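Let's take a walk through a protein model, going from strands to rings to empty spaces. Have the picture open as you read.

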Amino acid sequence: MKLLSTLTLASALLLPHTLMAKEVSGVQVADTVTLDSQALQLNGAGVRSKFFMDLYVGSLYLPAALSSTAAVIDTPIAAIRLNITSGMITSEKMRDAITEGFEHATAENTADIQPQIDAFMALFNEEIKEGDQFTLVANKARGVTAYKNGQEQATIEGEMFRQALLKIWLGDKPAQKSLKEAMLGK
């Protein structure tokens, strides 16, 4: 009886934590995260795939639920998290995809933010492997702070850069339309 009570209590304590995560393509996506000293809630999450292969799970965290790109850009803080699910992603492929993303996000006019893009691209020089996690915190007051596997890498300032970065996944020409819709909770 004592064992049953202990198991019941342990289950009750663990259950809320289990319910607070969503599984997307085998990745546990937290319902809330605290970044830049602010609690953010999961707005939506989806899969970036190419040629029928899942490459990463992308999730969007915001102070409150939003369903449009304009509203996300206007919010003081937003975070995009990328959980790498494929060994097919290399540093070179990630840099190429992000370069293309910035071109699409700026209508091929990256000149005004090229120094920030260059600094950001340097974050992807190290090997990328399955299981890596990148968190990009876009804060209007600070710029974009990038984390790899929970370790802060750099903060890149500039409002135009911050907006362009968010538009890689949420803009008119996103990395993948279905991922954009999933991140916006549609």
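## Strands side by side

Start with β6, which covers residues 77-84: this strand pairs with β7 in the antiparallel sense, over seven bridges. One spot to look for is arginine 81, which stands opposite threonine 135 in β7. Keep in mind that you're looking at a predicted model.

Now look at the pairing of β7 with β8. Strand β8 takes in residues 143-148, and six bridges join β7 to this strand, with the two running antiparallel. The link between β7 and β8 is a hairpin of three residues. Which residue of β8 is the bridge partner of phenylalanine 134? That's lysine 148.

So is β7 enclosed by the rest of the structure? Largely, because six of its seven residues are buried.

## Rings that meet

Next up, the aromatic rings. How many aromatic pairs does a search of the whole structure find? Five turn up. One of them is made by phenylalanine 124 and phenylalanine 134. Two numbers help to picture a pair like this: a pair of aromatic rings is described by the distance of the centres and the angle of the planes. For phenylalanine 124 and phenylalanine 134, the centres are 5.2 Å apart and the planes make an angle of 45 degrees, so the pair counts as tilted, the label for angles that are neither under 30 nor over 60 degrees.

Where do these two rings come from? Phenylalanine 124 sits in the loop between α4 (114-121) and β7 (133-139), while phenylalanine 134 belongs to strand β7 itself. The two are ten residues apart, and the pair links distant parts of the chain.

Are the two residues buried or exposed? Phenylalanine 124 has a relative accessibility of 2%, so it counts as buried. Phenylalanine 134 has a relative accessible area of 4% and is buried too. The picture widens from here, as ring pairs link Phe102, Phe120, Phe124, Phe134 and Phe161 into a cluster.

## A closed-off space

Where might there be gaps? Rolling a probe the size of a water molecule over the atoms shows where empty space is left. In this model, a search of the whole structure comes up with one cavity of 30 Å³ or more. The largest cavity has a volume of about 40 Å³.

Some familiar names line the largest cavity: Phe124 and Phe134 are among its lining residues, along with Leu123, Leu136, Ala146, Tyr147, Lys148 and Gln153. The elements that give two or more residues to this lining are β7 and β8, and β8 supplies the largest share, with three residues. By type, the lining of the largest cavity divides into six nonpolar residues, one polar and one charged.

## Two open pockets

Now for the pockets. The largest pocket has a volume of about 570 Å³. Its lining is made up of 22 residues, and those nearest the centre are Arg48, Lys50, Leu55, Lys93 and Ala97. Two or more lining residues come from each of β4 (38-50), β5 (53-62), α3 (91-105) and α5. Which element gives the most? It's α3, with eight residues. The lining of the largest pocket splits into 14 nonpolar, two polar and six charged residues.

The second largest pocket holds about 240 Å³ of space. It is lined by 14 residues, with Ala105, Thr106, Gln163, Ala164 and Lys167 nearest its centre. Here α3 and α5 each supply at least two lining residues, and the largest share, four residues, comes from α5. The lining of the second largest pocket divides into four nonpolar, six polar and four charged residues.

## A stop on α5

Finish at helix α5, which spans residues 159-170 and includes glutamate 159. How accessible is glutamate 159? Its relative accessibility is 33%, so it counts as partly exposed.

Glutamate 159 also has a polar contact of 2.9 Å, side chain to side chain, with glutamine 163. That partner is one of the residues nearest the centre of the second largest pocket. Looking back along the chain, glutamate 159 and valine 144 are 15 residues apart in sequence, and their C-alpha atoms are 9.0 Å apart in space.

Note on methods: Residues are numbered from 1 along each chain as its sequence is written. This is a predicted model: local features need pLDDT of at least 70, side-chain atom pairs count only at pLDDT 80 or more; totals for chains, interfaces and linings use all residues. Side-chain values use heavy atoms; hydrogens and water are left out. Rings of Phe, Tyr and Trp (its six-membered ring) pair if their centres lie within 6.5 Å; planes under 30 degrees apart count as stacked, over 60 as edge-to-face and the rest as tilted. Buried means under 20% relative accessible area, exposed over 50%, partly exposed in between (1.4 Å probe, protein chains only). Two strands pair if DSSP finds at least two bridges between them. A polar contact is a pair of N or O atoms within 3.5 Å; within protein, one must be able to donate a hydrogen and the other to accept it, and residues adjacent in sequence count only if both atoms are side-chain atoms. On a 1 Å grid over the protein atoms alone, a cavity is a set of points where a 1.4 Å probe fits but cannot get out, and a pocket is an open set with protein on both sides within 12 Å along at least five of seven lines; lining residues have an atom within 4 Å of a point. Grid points are joined across faces, edges and corners, and a volume is the space filled by probe spheres set on the points. Ala, Val, Leu, Ile, Met, Phe, Trp, Tyr, Cys and Pro count as nonpolar, Asp, Glu, Lys and Arg as charged, and the others, Gly among them, as polar.
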